[in-house]
Amino acid sequence: MHTDTAAPAPEITDRAGYQAELDALRVREKAHTHEGDAIAAARRRLPMVEVDAAAELIGPDGPVTLLETFEGRPLLIAYFQMWHTGHPAAEQCPGCTFFNSQVRELSYLRARGVTYATFCQGPYEESVRYRDFMGWDVPWYSAAGSAEALMAGRGPFMLACYLRQGERVFETYWTTGRGVEAMDQTYGLLDRTVYGRQEPWEDSPADWPRITGDYSRTNGRPTAQWARLEAGHRDDLAGGH
């Protein structure tokens, strides 16, 4: 979005008036942070449910078990990527592309004993080409054969957390919808700008700019694909060009 001096904007005040308003807001921000800490504490106290540690997934070296995807660490976070088998990259899920595009540096998770992986709901050989086209280097598995058992009718946009105890695997948390915003920084940054996310549901002044259409797509493709195409990376999925 491009703006000029004619665009709607907040009223102008001096530094002291601005800081006074910001200080009042900061009290609410801190309360929000503390409530988030309390929710996280409650999340750590949830019970857990055992899942099939031998559930089969397909990785770069062929079939592996759910247990093996932990890569020896005690914790696993898995995002279940939607997949449209046989469709070109332009027709793959823009929401999943949006979230997965923002999970990049995994060393900090691994330092805390956490493995992050994408469990794609489509076939491995086809879907991993999408990962490579997008330039992602996260561990990638096809969960097509086990998705029904692992997801149990939940989703789309499912993010799940697991704990390994010896040879047993337990699901400790899952979320979907806006809960998956934990994967991204874009919304958090937009929420701090004067125009916010610019989405119709937001409580903004009546004349504030709003987006129209599917913001996660640009010119018929998931938005993040354009940078890859412009850099010369080839979309070689079925029907790609």
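Is R129 buried, partly exposed or exposed? Select R129 to begin: its relative accessibility is 30%, so this residue counts as partly exposed. The model on display is a predicted one, and the tour proceeds from R129 to the other salt bridges and then to the largest pocket.

**First stop: R129 and D236**

Keep R129 selected and add D236. The two side chains meet in a salt bridge, with an N to O distance of 3.7 Å. This pair links distant parts of the chain, the two residues being 107 residues apart. R129 belongs to helix 4, which covers residues 124-134, whereas D236 lies in the segment that follows helix 7 (225-230). Colour D236 by accessibility: at 32% relative accessibility, D236 counts as partly exposed, because the buried class ends under 20% and the exposed class begins over 50%.

**Second stop: E71 and R73**

Next, select E71 together with R73. A salt bridge joins them, and their closest N and O atoms are 2.8 Å apart. E71 has a relative accessibility of 38% and therefore counts as partly exposed. As a general point, side chains of opposite charge can pair when their charged atoms come close. The structure holds 10 salt bridges.

**Third stop: the network around R197**

Now select R178, E181, D191 and R197. These four residues are linked in a network of salt bridges. Within the network, examine R197 and D191: they form a salt bridge in which the closest N and O atoms are 2.8 Å apart. The two partners fall into separate accessibility classes. R197 is buried, with a relative accessible area of 8%, while D191 is partly exposed at 38%.

**Fourth stop: the largest pocket**

Leave D191 selected, and add L25, E29, H32 and R192. What do these residues line? They lie nearest the centre of the largest pocket, whose lining comprises 47 residues. D191 thus appears at two stops: in the salt-bridge network and among the residues nearest the pocket centre. The space in the largest pocket amounts to about 2,200 Å³.

Which helix supplies the largest share of the lining? Select helix 1 (15-44): 17 residues of the lining come from this helix, the largest share. Then select strand 7 (158-165) and strand 8 (168-175), each of which supplies at least two residues of the lining.

Finally, colour the lining of the largest pocket by residue class. The lining divides as follows:

- nonpolar: 22 residues
- polar: 12 residues
- charged: 13 residues

Technical notes
Residues are numbered from 1 along each chain as its sequence is written. This is a predicted model: local features need pLDDT of at least 70, side-chain atom pairs count only at pLDDT 80 or more; totals for chains, interfaces and linings use all residues. Side-chain values use heavy atoms; hydrogens and water are left out. Buried means under 20% relative accessible area, exposed over 50%, partly exposed in between (1.4 Å probe, protein chains only). Helices (H or I, at least four residues) and strands (E, at least two) are DSSP runs, numbered from the N terminus. On a 1 Å grid over the protein atoms alone, a cavity is a set of points where a 1.4 Å probe fits but cannot get out, and a pocket is an open set with protein on both sides within 12 Å along at least five of seven lines; lining residues have an atom within 4 Å of a point. Grid points are joined across faces, edges and corners, and a volume is the space filled by probe spheres set on the points. Ala, Val, Leu, Ile, Met, Phe, Trp, Tyr, Cys and Pro count as nonpolar, Asp, Glu, Lys and Arg as charged, and the others, Gly among them, as polar.
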